[in-house]
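Work through the exercises below with the structure open beside you. Try each task before reading its solution.

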Amino acid sequence: MEQIKLSKSAERSIVLSQLTENSSMLINFDDLVLLLGCGYDTVQDSISKKPDFPSAVEEVNKKNKLFRSGDVIKWIKRHSAKKK
């Protein structure tokens with residue numbers, strides 16, 4: 001039987017799809033791009049700077065911030081509910 005090989009992005013998308021509001025995994029801007037379905041620049045320059053977006057829990061440098069995944073999932077759900 002032939003094995004299916006997934007790209008790193010596809011593998012990461014599968015992991016991210018399992019996150020819940022209680023998840024504590026740290027995620028970066030690349031993960032936010034996959035979760036939010038928008039471009040890197042939009043996430044970095046706009047969405048992550050919204051006043052109600054969760055604060056980074058760790059900042060390696062300006063382009064490498066880490067966010068608690070559960071907080072981001074809660075934010076996504078709040079904003080998804082507003083659009084309905």
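**Exercise 1.** Which residues is serine 69 in contact with, leaving aside its neighbours within four places in sequence?

Solution. Start by locating serine 69 in this predicted model: its place is in helix H4, residues 69-83. Next, list the contacts, leaving aside neighbours within four places in sequence: they are Leu19, Ser23, Ser24, Met25 and Ile27. Two of these, Ser23 and Met25, are taken up again below.

**Exercise 2.** Is serine 69 buried or exposed? Decide the matter for serine 23 as well.

Solution. The cut-off needed is that buried means under 20% relative accessible area. Serine 69 has a relative accessible area of 0%, so serine 69 is buried. Serine 23 has a relative accessibility of 13%, and therefore serine 23 also counts as buried. To place serine 23, look at the loop between H1 and E1. Apart from residues up to four places away in sequence, serine 23 touches Arg68, Ser69 and Gly70.

**Exercise 3.** How many residues apart in sequence are methionine 25 and serine 69, and how far apart are they in space, C-alpha to C-alpha?

Solution. First find methionine 25 in the loop that runs between helix H1 (8-17) and strand E1 (26-27). Along the sequence, methionine 25 and serine 69 are 44 residues apart, while in space their C-alpha atoms are 5.5 Å apart. Then check the contacts of methionine 25: not counting residues up to four places away in sequence, they are Arg12, Val15, Leu16, Leu19, Phe67, Arg68 and Ser69. Last, consider accessibility. The relative accessible area of methionine 25 is 26%, so this residue is partly exposed.

**Exercise 4.** In what sense do strands E2 and E3 pair, and over how many bridges?

Solution. Identify the strands: E2 covers residues 58-61 and E3 covers residues 64-68. They pair in the antiparallel sense, over three bridges. As an example of the pairing, take glutamate 59, whose bridge partner in E3 is lysine 65. Then look at the connection: two residues lie between E2 and E3, and the two strands form a hairpin.

**Exercise 5.** Which residues form a nonpolar patch on the surface with Ile4?

Solution. The other members are Leu6 and Ile14, and the patch has about 330 Å² of accessible area together. Now take isoleucine 4 by itself. Isoleucine 4 is found in the segment before H1. Exposed means over 50% relative accessible area; isoleucine 4 has 76%, so isoleucine 4 is exposed.

Methods:
Residues are numbered from 1 along each chain as its sequence is written. This is a predicted model: local features need pLDDT of at least 70, side-chain atom pairs count only at pLDDT 80 or more; totals for chains, interfaces and linings use all residues. Side-chain values use heavy atoms; hydrogens and water are left out. Helices (H or I, at least four residues) and strands (E, at least two) are DSSP runs, numbered from the N terminus. Buried means under 20% relative accessible area, exposed over 50%, partly exposed in between (1.4 Å probe, protein chains only). Contact means heavy atoms within 4.5 Å. Patches are made of residues with over 30% relative accessible area and no salt bridge: like charges are joined within 9 Å, nonpolar side chains (Val, Leu, Ile, Met, Phe, Trp, Tyr) within 5 Å. Accessible areas come from the Shrake-Rupley method with a 1.4 Å probe; for residues, only the protein chains shown count as cover. A salt bridge is a side-chain nitrogen of Lys or Arg within 4 Å of a carboxyl oxygen of Asp or Glu. Two strands pair if DSSP finds at least two bridges between them.
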